[in-house]
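Please look over the sequence and the model below before reading on. The notes that follow are grouped by topic.

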Amino acid sequence: MDVCEVVGTHDEVVERAKQNMPDQDTLTDLSELFKVFGDSTRLNILTALFESEMCVCDISATLEMSISAISHQLRILRHNKLVKNRKEGKEVFYSLADEHVVKIIEMALEHINE
């Protein structure tokens with residue numbers, strides 16, 4: 001049962017929890033970040049980029065999806081600072097923004113495989 005049978009609070013625990021919680025703006029930003037991770041296409045793109053940077057055509061071929069669908073998701077990932085891009089002539093190459101992205105996904109995989 002998830003209901004406490006004793007009515008009352010442990011004031012020290014409640015106060016400590018309140019003091020250590022992030023502010024509401026930070027929690028809202030965190031929630032938005034998790035929404036970005038909540039899409040399987042975006043997760044596929046991110047995991048494809050684990051090994052190497054790729055252009056849109058490479059990602060499209062890897063995931064067997066249209067270039068426009070991949071481009072749309074890359075815009076969202078770039079906007080949320082999860083991928084970065086660089087131009088080389090007429091090509092644009094995408095890579096993970098930093099190691100945090102890998103760590104987040106690896107930790108989530110570890111959690112679901114427990």
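**Briefing on the protein chain**

In the protein chain, 48% of the contacts (heavy atoms within 4.5 Å) with a separation of 6 or more are between residues 24 or more positions apart. The model is predicted: local features need pLDDT of at least 70 and side-chain atom pairs count only at pLDDT 80 or more, while totals for chains, interfaces and linings use all residues. Residues are numbered from 1 along each chain as its sequence is written, and side-chain values use heavy atoms, with hydrogens and water left out.

**Overall form**

- The radius of gyration of the protein chain, taken over C-alpha atoms, is 20 Å, whereas a compact globule of 114 residues would have one near 13 Å (the rule is 2.2 Å times the number of residues to the power 0.38).
- The C-alpha trace spans about 65 × 30 × 20 Å along its principal axes.
- Of the 114 residues, 24% are buried (under 20% relative accessible area with a 1.4 Å probe, protein chains only; exposed is over 50%, and partly exposed lies in between).

**Surface and charge**

- About 8,800 Å² of the protein chain is exposed by the Shrake-Rupley method with a 1.4 Å probe, and carbon and sulfur atoms supply 53% of this area.
- There are 12 positive side chains (Lys and Arg) and 21 negative ones (Asp and Glu), with His and the chain ends not counted.
- The centres of the two sets lie 11 Å apart, each charge being placed at NZ of Lys, CZ of Arg, CG of Asp or CD of Glu.

**Secondary structure and sheet**

- The protein chain has six helices and three strands, taken as DSSP runs (H or I of at least four residues for helices, E of at least two for strands) and numbered from the N terminus.
- From the N terminus on, the order of elements is α-α-α-β-α-α-β-β-α.
- The three strands make an open sheet in the order S1-S3-S2 with antiparallel pairing (two strands pair if DSSP finds at least two bridges between them).
- Strand S1 (54-55) and strand S2 (83-88) are the edge strands, each pairing on one side only.
- S2 is joined to strand S3 (residues 91-96) by six bridges, and the two run antiparallel.
- Arg86 has Phe93 in S3 as its bridge partner.

**Gln73 and Thr41**

- Gln73 lies in helix H5 (residues 67-79) and counts as buried because its relative accessibility is 11%.
- Beyond its neighbours within four places in sequence, Gln73 is in contact with Asp39, Thr41, Arg42 and Ile45.
- Thr41 sits in helix H3 (residues 40-48) and is also buried, at 17% relative accessibility.
- Not counting residues up to four places away in sequence, Thr41 touches Leu63, Met65 and Gln73.
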